[in-house]
Amino acid sequence: MYVWSKRLVIGLLAAFGLLLVLFVIEGQTGASGLKMHTIRWITLNYAGLALWVFVWMIDQARVRGRNVWLWLPPFLFAPLPTLMAFVLFLQRPMKT
């Protein structure tokens, strides 16, 4: 689990924030080429992936004896940044 560096996570978070701002600005124009069917499939896949990732977080927290339910509220609003913070949190040395 020690494969994530802080520099990588900070870079990914910055890229996520930049893309989010770009999508919000671009989405306000109202011109979308996606059909409703495609949007529903993308939403369904995203929800399934988010559920799968949270189950993985439950497993990782259980193995390390941590409480994962404190991470649920931020995960519902921002899954990717919360996942990255969770991974960094689990990398901290365990107190014996």
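Visitor: Which of the words buried and exposed applies to Trp71 and Phe86?
Guide: A residue is called buried when its relative accessible area is under 20%, and exposed when that area is over 50%. This is a predicted model. In it, Trp71 and Phe86 share one classification: both are buried.

Visitor: How are the planes of Trp71 and Phe86 arranged in their aromatic pair?
Guide: The two ring centres of Trp71 and Phe86 lie 5.3 Å apart. Planes over 60 degrees apart count as edge-to-face. The angle between the planes of Trp71 and Phe86 is 80°, and the arrangement is edge-to-face.

Visitor: How many residues apart are Trp71 and Phe86, which link distant parts of the chain?
Guide: Trp71 sits in the loop between α2 and α3, whereas Phe86 belongs to helix α4. Beyond its neighbours within four places in sequence, Trp71 is in contact with Phe86 and also with Met57, Thr82, Ala85 and Phe89. Along the chain, the separation of Trp71 and Phe86 is 15 residues.

Visitor: Why is the pair of Phe54 and Phe75 classed as tilted?
Guide: Pairs with planes under 30 degrees apart count as stacked and those over 60 as edge-to-face, the rest being tilted. The ring centres of Phe54 and Phe75 are 5.3 Å apart. The pair is tilted because its planes stand at 40°.

Visitor: Which residue forms one aromatic cluster with Phe54 and Phe75?
Guide: Phe54 lies in helix α2 and Phe75 in helix α3 (residues 72-77), 21 residues apart. Both Phe54 and Phe75 are buried. The aromatic cluster that holds them has one further member, Trp69.

Visitor: Which element gives the largest share of the largest nonpolar core?
Guide: The largest nonpolar core has 10 residues: Ala50, Val53, Phe54, Met57, Ala61, Val68, Trp71, Phe75, Phe86 and Leu90. Two or more of these residues come from each of α2 and α4 (79-91). The largest share, 5 residues, comes from α2.

Visitor: Which side chains meet in a salt bridge?
Guide: The count for this structure comes to 1 salt bridge. Its partners are 3 residues apart in helix α2 (residues 36-64), which means a separation of about one helical turn. With an N to O distance of 2.8 Å, the side chains that meet are those of Asp59 and Arg62.

Visitor: Is Arg62 buried or exposed?
Guide: Its salt-bridge partner, Asp59, counts as partly exposed at 30% relative accessibility. For Arg62 the relative accessible area is 60%. The cut-off for exposed is over 50%, so Arg62 is exposed.

Methods
Residues numbered from 1 in each chain as written. Predicted model: local features only at pLDDT ≥ 70, side-chain atom pairs only at ≥ 80, totals over all residues. Heavy atoms only, no water. Salt bridge = Lys/Arg side-chain N within 4 Å of Asp/Glu carboxyl O. Helix = DSSP H or I, 4+ residues; strand = E, 2+ residues; numbered from the N terminus. Buried < 20%, exposed > 50% of the residue type's maximum accessible area, 1.4 Å probe, protein only. Core = buried A, V, L, I, M, F, W, Y, C linked by side-chain atoms within 4.5 Å. Contact = heavy atoms within 4.5 Å. Phe/Tyr/Trp six-rings, centres within 6.5 Å; stacked < 30°, edge-to-face > 60°.
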